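Here's a short problem set to work through with the model open in your viewer. Try each task before you read the solution under it.

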Amino acid sequence: MKKVATRFAPSPTGPLHIGGIRTALFNWLYAKNKQGDFYLRIEDTDRERSKIEYKDQIIKSLKWIGINYKGEEYIQSKKIEDHIKVANELLKNGQAYNCYCSSEEIEDQKKRARQKKIPYIYDRKWRDKGEEDAPKDIKPVIRFKSKIDGKSILKDLVQGDIEIDNNTIEDFVILRNDGTPTYNLSASVDDHLMKMTHIIRGDDHKINTFKQIQIYQAMKWEVPSFAHIPLIHTIEGKKLSKRDKASTLDDYSKIGIMPDALRNYLLRLGWSFKDKEIFTLEESIKHFNLEGIGKSPSKLDMSRILSMNEHYIKNIDENDLFNQLTDYCKLYKNEIKSEKKEKIKNSLTFLKNKAKTLEDIFNNGQYIITDDVNFNQSDVKLIDDKAKKVISDFNNKFRNVEKLSKETLEPIVNELIKSNDTNFKGVGQPLRIALTGSKFGPGIYDIIISLGKDEVIKRLTNKKLN
RNA sequence: GGUCCCUUCGUCUAUCGGUUAGGACACAUGGUUUUCAUCCAUGAAAGAGGGGUUCGAUUCCCCUAGGGACCGCCA
């Protein structure tokens, strides 16, 4: 058996969206599962639109989610000479030909076909014409001599056998009249040069595959296996594009979605393994296969991403969570001061309790991180005279507490409930607002213990409460 | 318009001819927690429609409907 080799081949013409990430993930997992190699190829031959920052974003995104590729990234534009060489060889072998139609001529034909509502296909005008008829003033393009008769079958590893009439594939351009190669040529040559065994990509490439296979055959190259995975759709049911909001990785990382959670979500989007929902990285490598990929497109579901993230927040090692949290804050919020970090770390067990994202944890821990209590304006209105009395009563008793724990604090609260003729809420809520600025948050004892005695007293006597 | 693909709860999906059609998310209800959340339990929720094939179809075949992708000298 040949060693499996797969690749992810994005073009750096826009930010990579999570559909692309999923394609990369599937390729990577397939290679890992087969103990093969996974490569990254940057298809930057569109000089106009390719941008270095998009290339960097692609590399960063893959790294973020934990996909590593073998060697350096393969830069397609550096291989153009190889592509041209193949075009010329096809020309020499009679598998391709010079076409002297001007682009205006072609455009005109297309327009007319559209008006008549008949399908446009290049009329193969120059397929059998001799060079002696060639106009001197037009630089030709090279077109591939596509099969005209019969049918072709693509044995797709996901979609099954797909059969089309060969005459629906036109004689496509492989070399432009400026001498640069087009996508189908470049992709085939590169995949061959890179010794790809399996091409796993979005099913928007299906038609290209029929073209590319013909190039392989014409060059007598071994044809790789193909697997076309269904696209990810938006809620509206359309192909996910770079313009869709919440489509890039950064959109997710900035709200505090963790890489492992998104990886797990993406894995299960369009792929399944029995009823299993949660996959560690090792498990996903172990179980991934092409048979588990469904044939129908799937929609992105934010609530599922969130709940997956919540699962990871609650279940991963707390040190790991803490590290991810501090990295997250450094990147997207304010870096947590080192003296606060210890408090956050000790409080993570309850801070993470009501969090779906790292941002939620950050918000829950806000009262620890910032020195000045940030009062929620509508909550602070709940501090009436009765509440003020509860706060000052609590403070008077609290001053005498030696050791902060639920056991030492609870009697005080219970006493206040009685003496103020109220319930737990009547005591807990004013205290929480005084200490954190909000009526929502962790349990009151957790808050007090996490702040420490001095800080609690300081906040209970905050002038802003009056 | 042409070619190709798809169709199970709202969403992601299981089922490889015989199931009370299962799970997860979301949703609803109840319980625990002397607030909120967590957690636990319970519930509602699906085979697009019509024909075949078969003792038996969600599953195989055909038609219809709906949806999608592609149709560049972009990738």
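**Warm-up**

Does Lys-274 count as buried or exposed? At 70% relative accessibility, Lys-274 counts as exposed. The cut-offs for that: buried is under 20% relative accessible area, exposed is over 50%, and partly exposed is in between, using a 1.4 Å probe and protein chains only.

Some housekeeping before we go on. The model is predicted, so local features need pLDDT of at least 70 and side-chain atom pairs count only at pLDDT 80 or more, while totals for chains, interfaces and linings use all residues. Residues are numbered from 1 along each chain as its sequence is written, chains are lettered from A and ligands numbered from 1 in the order in which they are written, and side-chain values use heavy atoms, with hydrogens and water left out.

**Exercise 1. Look up the backbone at Lys-274 and at Arg-124, and place both residues.**

Step 1: start from the background. Most residues other than glycine have a negative phi.

Step 2: Lys-274 has a phi near 55°, a positive value in a residue other than glycine. Its place is the loop between α8 (259–268) and α9 (281–287). Helices here are DSSP runs of H or I with at least four residues, strands are runs of E with at least two, and both are numbered from the N terminus.

Step 3: for Arg-124, phi is near 60°, again positive and again not glycine. This one sits in the loop between α4 and β5 (141–144). With a relative accessible area of 22%, Arg-124 is partly exposed.

**Exercise 2. Check the span of helix α6 and work out how covered it is.**

Step 1: the expected span is 1.5 Å times one less than the number of residues. Helix α6 (residues 206–219) has 14 residues and reaches 20 Å from first C-alpha to last, close to the expected 20 Å.

Step 2: eleven of the 14 residues are buried, so α6 is mostly covered. Among them are Phe-210, Ile-213, Tyr-216 and Met-219.

Step 3: zoom in on Gln-212, which lies in α6. Its relative accessibility is 0%, so Gln-212 counts as buried. Leaving out residues up to four places away in sequence, Gln-212 touches Tyr-183, Asn-184, Ala-187, Ser-188 and Arg-201; contact here means heavy atoms within 4.5 Å.

Step 4: now look at α5 (residues 183–193). Eight of its eleven residues are buried, so α5 is largely enclosed by the rest of the structure. Asn-184, Ala-187 and Ser-188 are among those buried residues.

Step 5: check what follows each helix. Lys-220, just after α6, takes a positive phi of about 60°, and Lys-195, just after α5, has a positive phi of about 60° too.

**Exercise 3. Describe the protein surface around RNA strand B.**

Step 1: 61 residues surround the strand, and Arg-176, Lys-238, Lys-239, Gly-270 and Lys-354 come nearest. A residue is near the strand if one of its heavy atoms lies within 4 Å of it. Of the strand's atoms that come within 4 Å of the protein, sugar and phosphate account for 73%.

Step 2: sort the surface by type, which gives 16 nonpolar, 22 polar and 23 charged residues. Here Ala, Val, Leu, Ile, Met, Phe, Trp, Tyr, Cys and Pro count as nonpolar, Asp, Glu, Lys and Arg as charged, and the others, Gly among them, as polar.

Step 3: pick out some individual distances. A backbone N or O atom of Gly-270 lies 2.6 Å from a phosphate oxygen of RNA strand B. Polar side-chain atoms lie 3.1 Å from a sugar or linking oxygen for Glu-43 and 3.2 Å for Ser-272.

Step 4: α10 gives the most to this surface, with four residues.

**Exercise 4. Classify the ring pair Phe-394 and Phe-398, then find a neighbour.**

Step 1: rings of Phe, Tyr and Trp (its six-membered ring) pair if their centres lie within 6.5 Å; planes under 30 degrees apart are stacked, over 60 edge-to-face, and the rest tilted. The whole structure has nine aromatic pairs.

Step 2: the centres of Phe-394 and Phe-398 are 5.5 Å apart with planes at 20°, so the pair is stacked.

Step 3: the two are four residues apart in helix α16 (residues 385–398), about one helical turn. Both Phe-394 and Phe-398 are buried.

Step 4: Ile-457 touches Asn-395, Phe-398 and Arg-399, not counting residues up to four places away in sequence. Ile-457 lies in helix α20 (residues 453–460) and is buried, at 16% relative accessible area.

Technical notes: Polar contact = N/O pair within 3.5 Å; in protein donor to acceptor, adjacent residues only side chain to side chain.
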